[in-house]
Amino acid sequence: MRVYNLRWQQRRSEKIKQGWYKFSGNPFSVVGLCVVVVIIFTAAFAPYVTPYPKHAGPYVNFRDARQPPSLKHLLGTDLFGRDVLTRIAFAFRYSLLLAVTIIVLSVPVGVGIGLLAGYFHGTWIDRILMRITDIFLAVPSLVLALAVTCILTPSLFNAAMALSMVWWTWYTRLVYGIASSYRNEFFIRSAEVLGERWPHIVFREILPNCVSTIFTKMSLDMGMAILVGSALSFLGLGAQAPTPDLGTMVADGSKYLPDLWWIAVFPAFAIMITVLGFNLLGDGLRDMFAIEEL
Amino acid sequence: MSMFVFLGKRIALSIFALFGLSLLIFLIARVLPGDPVRMAVGPRAPEWVAENIREQMHLDKPVLVQYYYWVRGALRGDFGYSLYSRRAVSTDLKNFLPATGELAIFTSLIIAGIGIPLGVLAGRYSNSWIDNLVRIFCYISASTPSFVFATLFLLLFSYVLHWFPIVGRISLGVPRPPVVTGMITLDGLISGNFTAFWNTLWHMVLPAVSLALPGMAQVARITRSSIQDNLGKDYIAFERGFGIPDRLIMSKFLLKPSLIPPVSILGLEMAVTIGIAFLVELIFNWPGFSRYGINAMLQKDLNAMSAVVMVIGVIFVIANIFVDVAIAFLDPKIRLGAGRRA
Amino acid sequence: MRPTLLEIDDLHVEFPVYNGRLKVIDGVSLTARAGERLGLVGESGCGKTTCGRCVVRLVKPSAGKIWFYSKRAGKTVDLVRPGKEEWKQVQTEMQMIFQNPNAALNPVFTIGTQFKTALQYVHPERIQKAENLAITALQEVQLPDARRILKSYPFQLSGGMCQRVCIAMALASEPELLIADEPTTALDVTVQNQILQLLHALVKEKGTSVIFITHNLGVIREIAHLVHIMYAGTVVESGPPRELFSNPLHPYTQGLMNAVPKLTAEAMSRGIPGSIPDYSEPPTGCRFHPRCTERLPICEQTRPPFFRASEDHTVACFLYQEGGKDFQYAARR
C-alpha cells in the first residue's frame, strides 16, 4: 500500500502516465500523432529528404513534363516537369507556416478578448466586446476572409492576415464561456476580496484553467487552418506560383482530369492526410483532457 | 410567452449584427487598396470615363455618405450596379440565388438525414465494427476539403464510371419548367414536370454529396457522443427497468434528448456549407450564387461583393432562427423557461 | 422463515484503469428474503452503490453469482448471465430508485408520458386506465395535484416531488425487490424525513423487499430488518440495527458509531484516522487493518471469515476468533 505523502511527490509523473494511458488507448490518436510528426519532419527537412529539391522553386523541364508515376518520379511530374512528390513535401512547409501564423496571430487576441469579456461579465465591456464578436460571427468566416483576401493582393501573408482576422472569434467564444462561468467561483471572489487587481485575476487565476482547452483547440485548429488555407489557395488566393502549395496544385491539376490525374490527386490526398493527422491528434488531446466544450 | 420574447430578442440582436456586418464589409471594400473603377474599365479607357463612373457610384464622396446611399438602396432591394456583369446586382442575385438555394437545401437534407442516423448507429453500437467504420468515415470526411471530394468524385463517378453527369444543372433537351421560385426542382414539382425534377436531382447528387460530407461528419460525431452520454444516464436505466422495449427507448426516449446537440449545430453547419459552396460550384460549373460571389470578389466588384456578403448574412440569420425554433421544440426547458413549480 | 428472494454469492467487481485494475468489490455475499428490508451502509466509495447496480445489471460483475427467485418465471434466475426471456420477466420484478431524482426522469418528456409508457409495459392488461392508475399512484405518494404533475416536465418539479414520482413509478410495477440507492441524499433535510416515512409506509404495506443503500446510520435504524456494514468493497459486519447500534463489534462499526456527533457527549466526536484504501493496490488480508487500532498480526495476512455473535449478528474480524474477544461491546463513549 502506498504511503500517503509519497503520493504527492509522484503526482506529476502519475498525471503524465495517466494522460498517456488515455491518449494511447485510442489507436486513432496515436496514428494522428505519428502522421503529424512525419509531416513536421518532412516539412522541416524538406531539402534533405526529397529527391529533387530544386523542383520546388522556378524550374522547368518540358522534356520530363506530364509523366505518370514511375520509379524515377514516384508521384509523377506536373506540367512543368517538376516532381510532384518533392513539391508536396515543400508545400507542407507553407501549409504549416500558414496554420501557425494564423494561430499565433489569432489566439492571443481571441483569448484576451474572451477573458476580458468573461471577467467583466455583465458590464459594458462585456456587452461591447461580445457585440463586436457577434458581428464577425454573423457570416461564415470563410466568406469574410475571402472578401478581405480578394481585396488585398493575393499572397500567403495576406491570406494569413485575412484568416486571422476572422479566426480569433472562435477563441473568444470559447474562452468567454469558460471565463464567465468561473467568474463567480469562490476562488475568484476571494482573490478580489484580497485586493488583487484584474490583470492578476484574469491572467494568473482564470487563464490557467483555460489552458488545456485552448491548447486542444489549437491543435484541432491546425487541421482546420490547413483545410481553409487550401481552399483559399485553390482559388488562387494563397501562395503564388512558383511556390508550391497544396491547394494551388489541386486547382491546377483539376483542369487536366482525368488524363493527368496524378497532378491533382496526390496533392489532394496530401491535404486529406495532413488535416486528418491533426484532427486525430486534436481529438486525442481532447479525450485526454476530457474537455466537453469542444 | 417567454418564447416570443426570446425570439424577439434574437431577431433584434441579429439585425444589429447585420448592420454591423454591412458597415464592416462596406468599409473593408472601400478602404483597402486598389481602384475598382480603373480595374473595371481597363487601363486604356480615358480618365473621363472612369471619373464618370466614379461619380455615378458616389465613389468621390466621403465614405459615410457612400454608406448611407448604399443602405438606402439595399433596403429597397437595390444593391447597385455591377461593374462586371453590367447589370443591376439584384438581377444577378435573382438569377443565381435559386441555383445555390436548391443545392444548399439538398445538401442540408443530406447532412441531417444521413449524418444524424449515422451518429445514432455509432453511439448505439459503441466500439463495435459499425462504430469504428462510422468514426473512420467521419474523420476522413471532416479532414478533407469539399473541393478534394468534388474533384475525386468527378473523376471517379463521372469520368470513369459515367454514373453521373459532368456539368450543369439539367441535361440538354430536358424541358425546363416555368419559373416560379427559380429552383428547378421545386418548379418541376409545382408544374408537374417530374422529368425536370429527377433530372436536376441527378445533376445535384455529386455536388451536394461533396459539399455535405464535412458537415455530415461533424453532425454524426456530435450525435454519437450525445447518444453515448445519454445512454449512461439514470433515466434510461429507470425506463429499461419497466420493461420498455429497446426499440422504443432507442427511437423515442433516447433519441429526443440526444437530438438537441446536433440540431443546435445544424445552423452553424449550414452556414459553413453556404460559405464553402463555391468550391463545389466552381468544379461542377454550377451556375450559383456562390460562384458569382467568388467571381465578384476576385474581380473586386464592390457592389456585388457587398451584396453577396449581406445576403449570406441574412440567410445565416434566418437559418439560425429556424434552428432555435427547432431546439425550443425539442427542449422543454427553453420552451417554457426554466421556472420551478415548487 | 421467509423464502429467499435474492442471493449474492462472493461478488467481485473490477474496473480496468491506467495503472492496473480497481478491485472495487472484493467478495460480498448477502441474502435478501421476501418482505425483508436490508440496509447496506458505508462511507462514500465503499462499493455499496456498485453492489446495488450489479443486481439490476447496470454493472457487470467480474466474478461471483447473483441468484434471484422470480415469481413470473417460476424459478431462480442467474442475474449475471440470464436468458433473454428470463431477464424480461425478472426486469419488472426488480426496481431501482436513484440518488438524483431529477436525473432519473427523462428531461424532454412529461411525467405523464413517461409514467403511462411505463405502466403500459408493466400492466399491459390495464392499459385503458393507465391515466387513472398513474393518478392513483401519485396520490399514494402524497402528491395531490396529480393531473398537473402528469403534464409537467421534470425540471418544473422540486427534488422531493421528483423522488416521489420515481417512488410512485417504481412501486406501480409492484416489484418483489426494490433497490433504493441513497434516495434521500440529494434532498433537503426537511424533505428527507418525509420521503423516508413515505417509503417505509409503502413498502411495509405492500410487503416489498428493499435493499436500502445509504451512508446515513440514522436512516437505517427505523427501516431495516438487517443491516450490512460495508467497508472498501467488503462486508465487515451484519446484524439487526438495534443490536448493531447497541453492540457494534467490528472496530470500523465502532468507529462509525463514535463518529456520529452527540449533543450530550463531553468531547467532540472522533473520526477514524486514515482514509479509504487505494483500490488498485488494496491492503492484503483485512482491508481495514491499516486503520485499525486493534489489529493483530494475522489481520494483514488473511481475510477474516465471519464469526457469529448471535443468530443474525455476524462480524468479519479476527478479534472474535475462538478464544478472542467476547461478543460484548466495551463502551468507549
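**View 1. His162(B), just past the end of helix 7 of chain B.** In this predicted model, His162(B) takes a positive phi of about 55°. The residue sits just after helix 7 of chain B, which spans residues 146-160.

**View 2. Helix 7 of chain B, with its kink at Leu154(B).** Count along this helix and you get 15 residues. From first C-alpha to last, helix 7 of chain B reaches 20 Å, close to the 21 Å expected at 1.5 Å a residue. Still, there's a bend to look for: a kink of about 25°, centred on Leu154(B). Leu154(B) is also one of the buried residues of the helix.

**View 3. The buried residues of helix 7 of chain B and what covers them.** Here we're looking at Ser146(B), Phe147(B), Val148(B), Phe149(B), Ala150(B), Thr151(B), Leu152(B), Phe153(B) and Leu154(B), the buried residues of the helix. Their cover includes pieces of two chains. Chain B brings in helix 9 (194-231) and helix 12 (260-284), while chain A adds helix 9 (198-234), helix 10 (246-254) and helix 11 (261-289).

**View 4. Where chain A meets chain B.** The contact draws on 33 residues from chain A and 42 residues from chain B. On the chain A side, helix 5 (124-137), helix 6 (141-151), helix 9, helix 10 and helix 11 each supply at least two residues. Helix 11 of chain A has the largest share of that side, with nine residues. As for chemistry, the side of chain A that touches chain B has 28 nonpolar, four polar and one charged residues.

**View 5. Where chain C meets chain B.** This contact takes 28 residues from chain C and 21 residues from chain B. Helix 2 (84-91), strand 6 (94-97) and helix 3 (111-122) of chain C are the elements giving two or more residues to the chain C side. Helix 3 of chain C gives the most, with four residues. Sorted by class, the side of chain C that touches chain B comes out at 17 nonpolar, ten polar and one charged residues.

**View 6. The two domains of chain B and their contact.** The domain assignment splits chain B into domain 1, built from 1-84 + 299-342, and domain 2, covering 92-289. Their C-alpha centres lie 28 Å apart. At the contact, domain 1 of chain B puts in 14 residues and domain 2 of chain B puts in twelve. The domain 1 side that touches domain 2 of chain B has eleven nonpolar, two polar and one charged residues.

Key: Residues are numbered from 1 along each chain as its sequence is written. Chains are lettered from A and ligands numbered from 1 in the order in which they are written. This is a predicted model: local features need pLDDT of at least 70, side-chain atom pairs count only at pLDDT 80 or more; totals for chains, interfaces and linings use all residues. Two residues are in contact if their C-beta atoms, placed from the backbone, lie within 7 Å. Ala, Val, Leu, Ile, Met, Phe, Trp, Tyr, Cys and Pro count as nonpolar, Asp, Glu, Lys and Arg as charged, and the others, Gly among them, as polar. The expected span of a helix is 1.5 Å times one less than its number of residues. The bend at a residue is the angle between axes fitted to the seven residues ending there and the seven starting there. A residue is buried if 20 or more other C-beta atoms lie within 10 Å of its own, exposed if 12 or fewer, and partly exposed in between; C-beta atoms are placed from the backbone. Domain bounds come from an automatic or database domain assignment.
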